Amino acid sequence: MKNTRKNKGTALVTGASSGIGKATAEALVKDDYIVYGAARRVEMMDDLKQLGGIPVKMDVTKDKDLVSVVEQIKRDHGGVDILVNNAGLSLYGSVEEAPFDKARHQFDVNFFGQGRLTQLVLPHMREQRWGKIVNVSSGEGKVHAPLAAWYVASKFALEGFSDCLRAEMAQFNIDVVVIEPGAIDTPITDGFIDPLLEYSGSGPYGIIAHKMADWFRNMSTEKGTASPPTLIGETILQAIKATRPKTRYAAGAGVRRAIFFRRWFSDRMFDRFMMRMLG
């Protein structure tokens, strides 16, 4: 049966301490959902608590954290009806130079942590035959770029995972939605630059690294080269409220154009297009 609670449903949003996660959690709270905001830094979610949200401490790479939070929600509100897998980090730098332990950790956060949390919430959704799983990917889940291989690979993996999951869950009336943000003005974007230059700024890939760093520095809502995280929060809310949501929502500066060109350009043509974008 479908969710019959008087509220609209209980949502768990990961990475809710800043950026897209915080914007999403706040949008859901304001629309009368019960919202658990999960992040490692609980103190950064005081504003969410003031709105009526429920901050919980969670590191998506620690299984005991995931199990504990899901059990808490099950105990207090019956279970997770809506999961927004948003927690993520970025690793930029050449394949040759980026530390492999950092690349592995990025997959643990961007892919395996999200997959494990999905496993934990599915039994409740399946039993009630209703649920929403929203996986926050990236425009780079469709579009490649130089010096972004480890990040792009984690998002490509999430896209494929979501497609398979969507097919599995259709029989149980569980929607699986992918969100593909473009350039968004968030703290994760600020974090691209220093590691990129540390790993690849002075070696054989230095010219491209500095061009890419300049491109990131130019991203802002004021300049019109990035969109605010609230745009993605509202997009996720739209997907959750839709009776029959789209399988993918691309939103934010530049993303639709990039996906369009990737779809119609050959691989080598798109390579040249990306390099021209970097100047």
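How many of the eight residues of strand E6 (residues 174-181) are buried? The views below show a predicted model, in which local features need pLDDT of at least 70 and side-chain atom pairs count only at pLDDT 80 or more, while totals for chains, interfaces and linings use all residues. Residues are numbered from 1 along each chain as its sequence is written, and side-chain values use heavy atoms, without hydrogens and water.

**View 1. Strand E6 and its surroundings.** Seven of the eight residues of E6 are buried, so the strand is largely enclosed by the rest of the structure. Buried means under 20% relative accessible area with a 1.4 Å probe, protein chains only. Strands (E, at least two residues) and helices (H or I, at least four) are DSSP runs, numbered from the N terminus.

**View 2. Pairing of E6 with E5 and E7.** Strand E5 (residues 131-136) runs parallel to E6, joined by six bridges; strands pair if DSSP finds at least two bridges between them. Glycine 131 lies opposite isoleucine 174 of E6. Strand E7 (residues 248-251) also pairs with E6 in the parallel sense, over four bridges. Here proline 181 has alanine 251 of E7 as its bridge partner.

**View 3. Helices H3 and H4.** H3 (residues 63-77) and H4 (residues 100-128) pack at an angle of about 35°, their axes 10 Å apart. Axes are lines fitted to C-alpha atoms over the stretch in contact, and angles run from 0 to 180 degrees between N-to-C directions. The contact (heavy atoms within 4.5 Å) involves Asp63, Leu66, Val67 and Val70 of H3 and, from H4, Gly113, Arg116, Leu117, Leu120 and Val121.

Conventions:
Buried means under 20% relative accessible area, exposed over 50%, partly exposed in between (1.4 Å probe, protein chains only).
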